Amino acid sequence: MSFEQEFQGWLVDALPEKVPEGVVAFSFNLYEPALRDGVKFGVEVVGTSEFDPEDEDWACEEVWEPQERQLFIPIEFSGTDWAKCQDRLKELLLQLLLSEHRLSSVLKSTRGIGVGFVDGSLDIVWQP
């Protein structure tokens, strides 16, 4: 199974049919996991009570997380460069948002979606 398929399956399991109460945005947080063979980066999804494209701290206002919050990203997909990983995940999210998949409508029923490293800059992937 490709990482793209694994990512979509993880999101299908993670996201409910509709946006959880109190969630106004979703943040896909990238991080570096400790000592995992074949993995340089991981991703987690959280729902936040804030969204402000001018202030990246909105992603810190977590009010929801799925039961399975994290997914490891194989190095074959991410590469070893953090910027490449962030760009690849952003592309993957954009493809999903442009699709007719149920996840697209759930994600787009918020004020915004961001992706970025926990202690780095955040890219806005979508906002109405």
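How many disulfides does a search of the whole structure find? The search finds zero disulfides (pairs of cysteine sulfur atoms within 2.5 Å). The structure is a predicted model, in which local features need pLDDT of at least 70 and side-chain atom pairs count only at pLDDT 80 or more, while totals for chains, interfaces and linings use all residues. Residues are numbered from 1 along each chain as its sequence is written, and side-chain values use heavy atoms, with hydrogens and water left out.

**View A. Cys-60 and Cys-85 are in no disulfide.** The sulfur of Cys-85 is the nearest cysteine sulfur to that of Cys-60, 19 Å away. Cys-60 is exposed (over 50% relative accessible area, 1.4 Å probe, protein chains only), at 57%. Cys-85 is buried (under 20%), with a value of 1%.

**View B. Arg-69 belongs to a network of salt bridges with Glu-44, Glu-62 and Glu-65.** A salt bridge is a side-chain nitrogen of Lys or Arg within 4 Å of a carboxyl oxygen of Asp or Glu; by this rule the count comes to five. The closest N and O atoms are 3.0 Å apart for Glu-44 and Arg-69. This pair links distant parts of the chain, 25 residues apart: Glu-44 lies in strand S2, and Arg-69 in the loop between S3 and strand S4 (70–74). Strands are DSSP runs (E, at least two residues), numbered from the N terminus. Arg-69 also meets Glu-62 at 3.0 Å, N to O, and Glu-65 at 2.6 Å. Arg-69 is buried, with a relative accessible area of 18%. Glu-62 is partly exposed (between the 20% and 50% limits), at 38%, and Glu-65 is partly exposed at 45%.

Definitions and conventions. Helix = DSSP H or I, 4+ residues; strand = E, 2+ residues; numbered from the N terminus.
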